[in-house]
Amino acid sequence: MKIYTRTGDAGETALFGGGRVTKDHHRVGAYGTVDELNAAVGWVVANVVDGEIRDLLSLVQHDLFALGSVLATTPPIEGRPEPKGVPELPVGRISEMEGWIDSAEVELPPLRSFILPGGSRGGAALHVARTVCRRAERAVVHLSTLEPVASGVIAYLNRLSDLLFTYARLENQGAGVADVEWRKEG
């Protein structure tokens with residue numbers, strides 16, 4: 001398989017299941033931002049010290065690939081069969097992430113104010129991934145106002161951003177870096 005096909009040289013790309021759209025189409029924007037999120041999570045995996053965070057986020061990367069594949073698929077049209085090979089959405093992971101968040105929060109001091117993103121190298125990478133996750137969520141929400149979006153995609157991204165925030169705090173705590181609370185007066 002060649003890495004270049006030249007089929008997108010005119011600014012269009014194919015959707016899985018048929019059809020072509022421009023590369024600035026809202027569906028391409030949504031799955032492209034999920035791909036960017038996956039790269040940001042990969043950066044996190046390369047930078048966090050906590051092995052459990054690294055292992056669990058490696059699972060999330062596989063989920064994000066599946067989620068992106070679902071978003072890159074032509075929306076269902078009555079009478080047309082669904083394309084074969086589209087991975088299942090990992091909606092079961094949503095409740096797993098809630099359990100991961102609950103486990104992490106037991107180890108953290110209660111959150112009493114807004115905190116600034118940053119801290120350790122791994123914590124800062126997690127905060128960047130969290131903001132990319134929120135952008136992906138916004139892109140998918142926008143897409144859902146225009147075309148059908150598979151059930152569970154938005155909830156998955158919402159929960160993932162909560163997980164990334166919690167893991168940023170946990171990673172910073174493990175590195176001995178305190179959360180920096182936001183002060184109104186700077």
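## Exercises around helices H4 and H5

Just after H5, Gly176 adopts a positive phi of about 75 degrees. Keep in mind as you work that this is a predicted model.

**Exercise 1. Which residue other than glycine has a positive phi near 70 degrees, and where is its place in the chain?**

Solution. Start with the backbone angle: Arg6 has a phi near 70 degrees, a positive value in a residue that is not glycine. Next, locate Arg6: it sits in the segment before strand E1 (12-14). Finally, look at its surroundings: the relative accessibility of Arg6 is 60%, over the 50% cut-off, so Arg6 counts as exposed.

**Exercise 2. Work out how the axes of H4 and H5 are arranged relative to each other.**

Solution. First, find the two elements: H4 covers residues 121-146, and H5 covers residues 153-174. Second, take the geometry: their axes come within 8 Å and cross at roughly 170 degrees. Third, compare that angle with the cut-off: angles over 145 degrees count as roughly antiparallel, and H4 and H5 are therefore roughly antiparallel to each other. Fourth, add the handedness: H4 passes H5 in a left-handed crossing. The residues of this contact between H4 and H5 comprise 14 nonpolar, seven polar and five charged ones.

**Exercise 3. Compare the reach of H5 with the span expected at 1.5 Å a residue.**

Solution. Begin with the length: H5 has 22 residues. Then go from its first C-alpha to its last, which gives 31 Å. The expected value is 32 Å, and the reach of H5 is close to it.

**Exercise 4. Is Cys133 buried or exposed, and which residues does it touch?**

Solution. Place the residue first: Cys133 is in helix H4. Its relative accessibility is 0%, so Cys133 counts as buried. Now list the contacts, leaving out residues up to four places away in sequence: Cys133 touches Leu37, Leu157, Leu160, Ser161 and Leu164. To see a link across the chain, turn to Val34: it is 99 residues from Cys133 along the chain, yet their C-alpha atoms are separated by 7.5 Å.

**Exercise 5. Is Glu137 buried or exposed, and what does it touch?**

Solution. Glu137 also has its place in helix H4. Its relative accessibility is 13%, which is under the 20% cut-off, so Glu137 counts as buried. Beyond residues up to four places away in sequence, Glu137 touches Ile154, Leu157 and Asn158. For a distance to try yourself, go to Pro90: Glu137 and Pro90 are 47 residues apart in sequence and 16 Å apart in space, C-alpha to C-alpha.

Key
Residues numbered from 1 in each chain as written. Predicted model: local features only at pLDDT ≥ 70, side-chain atom pairs only at ≥ 80, totals over all residues. Heavy atoms only, no water. Helix = DSSP H or I, 4+ residues; strand = E, 2+ residues; numbered from the N terminus. Buried < 20%, exposed > 50% of the residue type's maximum accessible area, 1.4 Å probe, protein only. Contact = heavy atoms within 4.5 Å. Axes fitted to C-alpha atoms, helices over the stretch in contact; angles between N-to-C directions. Parallel < 35°, antiparallel > 145°, perpendicular 65-115°, else oblique. Left-handed = near helix turned anticlockwise from the far one by under 90°. Nonpolar A, V, L, I, M, F, W, Y, C, P; charged D, E, K, R; others polar. Expected span 1.5 Å × (residues − 1).
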